[in-house]
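I opened the model to make some notes on its packing and on a handful of single residues. The entries follow the sequence of my look-ups.

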Amino acid sequence: MMSTSSLKTAPYSLQRRDWGYVGEFRAMASPCEILIGCDQLDIADDMLDMAVTEALRIEHKYSRFIAQNCLWQLNHANGHKQLIDEETWQLLAFAKQCFQLSDGLFDISAGPLMELWRFDPKAQLPEHGRILAAKALVGFEHIEFDSRHIEMPTGMKLDFGGIAKEYAVDRVAYELAECYPDIPVLVNFGGDIACPVSKVTPWQVGIEDPRHLDHAASVLAISQGALATSGDTRRFFEVDGKRYGHIVDPRTGYPVIHAPRSVTVLGPNCVTAGMLATMAMLQGRDAEDFLQQQDVKFSIFR
């Protein structure tokens with residue numbers, strides 16, 4: 001059945017299952033679903049409406065593909081100081097933490113590089129000179145910001161792609177748990193997952209096999225917590241037999257060499273799990289060693 005709620009900003013569906021309801025929609029270039037352990041249609045419909053509204057709000061605010069939004073304004077400030085709200089400040093503070101913990105590998109100021117790279121089967125290698133020019137504009141250490149303002153060098157552009165989807169998962173999970181604390185729910189945005197309310201019978205979550213897409217290599221039982229996956233199973237291209245995945249090393253300007261095909265990390269929340277999964281991808285050959293040092297549960301495919 002189609003949801004009967006008033007939200008008209010995106011098509012979505014709500015379907016009955018023997019254990020409750022599953023809501024489906026699309027946001028942030030990903031298939032999204034909400035599994036709701038409740039047999040009341042009106043409640044499930046309201047929960048799905050909340051999820052779609054919040055996911056689209058975050059996408060419209062922080063997507064680098066939407067002109068005139070919050071991120072566009074920051075990226076086109078031409079070196080001038082800009083006002084920011086508390087939410088943007090918190091995301092920047094988290095990005096700074098990621099930058100510091102990764103020794104500069106996790107850098108959201110890599111927007112100029114990401115504009116050069118296209119990861120589809122027909123993509124071509126950007127010219128080396130353009131990569132060098134874009135790389136010169138990257139460097140989170142050159143950003144000055146506090147809780148009210150941000151100032152970036154002219155030409156620098158932020159890309160929240162490594163944070164925004166996981167942040168949206170956590171925001172949706174938090175809102176649903178706050179409004180419906182007794183209803184177990186699983187929030188899944190393109191494989192990034194949060195389960196904010198403990199479930200007596202655990203959710204069964206499949207970990208995709210990158211060698212056989214849309215097939216699970218293993219199944220995890222999750223009662224509460226989160227997981228995130230980073231990888232190049234769907235965003236890559238090949239030139240002369242060489243594979244180029246979408247995780248770009250800001251030090252070289254090129255995709256990471258010897259990166260795993262996918263990394264899945266379990267964590268207390270989705271942004272933490274996503275940060276560690278992406279950092280592991282950026283480690284290339286050393287991804288396994290890096291995650292073992294973090295003392296977290298993880299799964300890696302090469």
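**Entry 1. Cores**

Which residues of the largest nonpolar core touch the most other members? This is a predicted model, and I began with that question. The core holds 74 residues, and those touching the most other members are Phe25, Ile34, Ile108, Leu158, Phe160, Val187 and Phe189. I then looked up which element gives the most to this core, and found helix 1 (residues 41-62), with 11 residues. Another core lies apart from it and has 14 residues, including Leu116, Ala123, Ile131 and Ala134. In soluble globular proteins, nonpolar side chains tend to be buried together.

I took Val187 as one of the core residues to follow up. Not counting residues up to four places away in sequence, I listed Glu33, Ile34, Val169, Val172, Ala173, Leu176, Asp192, Ile193 and Ala194 as touching Val187.

**Entry 2. Asn188**

I next checked Asn188, which is found in strand 7 (residues 185-189). Is Asn188 buried or exposed? I noted Asn188 as buried because its relative accessibility is 15%, and the cut-off for buried is under 20%. The side chain of Asn188 reaches the backbone nitrogen of Gly191, at 2.8 Å. Residues up to four places away in sequence aside, Asn188 touches Pro31, Cys32, Glu33 and Ile193. Of these I had already met Glu33 and Ile193 in the list for Val187.

**Entry 3. Glu54 and Arg171**

I went back to helix 1, where Glu54 is found. Glu54 counts as buried because its relative accessibility is 7%. What does the side chain of Glu54 join in a polar contact? I found the side chain of Arg171, at 3.1 Å. Leaving aside neighbours within four places in sequence, I have Glu54 in contact with Arg171, Val172 and Glu175.

I then looked from the other side of the pair. Arg171 is found in helix 6 (residues 164-179). With a relative accessible area of 24%, Arg171 is partly exposed, whereas Glu54 is buried. Not counting residues up to four places away in sequence, Arg171 touches Glu54, Arg57 and Ile58. I also took a distance from Arg171 to Ser262: the two are 91 residues apart along the chain, and their C-alpha atoms are separated by 24 Å.

**Entry 4. Helix 7 and helix 8**

At what angle do the axes of helix 7 (residues 270-282) and helix 8 (residues 287-294) cross? I have roughly 145°, with the axes coming within 8 Å. The crossing is right-handed. On the helix 7 side I listed Leu276, Met279 and Ala280, which meet Ala287, Phe290, Leu291 and Gln294 in helix 8. Sorted by class, this contact has 6 nonpolar residues, 1 polar residue and no charged residues.

**Entry 5. Positive phi**

Most residues other than glycine have a negative phi. I looked for exceptions and noted two.

Asp103 is not a glycine, yet its phi is positive, at about 55°. I placed Asp103 in the loop between helix 3 (86-101) and helix 4 (111-116). Asp103 has a relative accessible area of 72% and is therefore exposed, the cut-off being over 50%.

His258 is not a glycine either, and its phi is positive at about 60°. The loop between strand 13 and strand 14 holds His258. His258 has 42% relative accessibility, so I entered it as partly exposed.

**Entry 6. Ala259**

I stayed in the loop between strand 13 (242-245) and strand 14 (262-267), where Ala259 is found. Ala259 counts as partly exposed, at 25% relative accessibility. Which residues are in contact with Ala259, leaving aside its neighbours within four places in sequence? I found Met281, Gly284 and Arg302. From Ala259 to Lys199 I have 35 Å in space, C-alpha to C-alpha, and 60 residues in sequence.

**Entry 7. Tyr12**

I ended with Tyr12, found in the segment before strand 1 (13-17). Tyr12 has a relative accessible area of 7%, so I entered it as buried. Tyr12 and Leu92 are 80 residues apart in sequence, and I have them 31 Å apart in space, C-alpha to C-alpha.

How values were computed:
Residues are numbered from 1 along each chain as its sequence is written. This is a predicted model: local features need pLDDT of at least 70, side-chain atom pairs count only at pLDDT 80 or more; totals for chains, interfaces and linings use all residues. Side-chain values use heavy atoms; hydrogens and water are left out. A nonpolar core is a set of buried Ala, Val, Leu, Ile, Met, Phe, Trp, Tyr and Cys residues joined through side-chain atoms within 4.5 Å. Buried means under 20% relative accessible area, exposed over 50%, partly exposed in between (1.4 Å probe, protein chains only). Helices (H or I, at least four residues) and strands (E, at least two) are DSSP runs, numbered from the N terminus. Contact means heavy atoms within 4.5 Å. Axes are lines fitted to C-alpha atoms, for helices over the stretch in contact, and angles run from 0 to 180 degrees between N-to-C directions. A crossing is left-handed if the near helix is turned anticlockwise from the far one by less than a right angle, and right-handed if clockwise. Ala, Val, Leu, Ile, Met, Phe, Trp, Tyr, Cys and Pro count as nonpolar, Asp, Glu, Lys and Arg as charged, and the others, Gly among them, as polar. A polar contact is a pair of N or O atoms within 3.5 Å; within protein, one must be able to donate a hydrogen and the other to accept it, and residues adjacent in sequence count only if both atoms are side-chain atoms.
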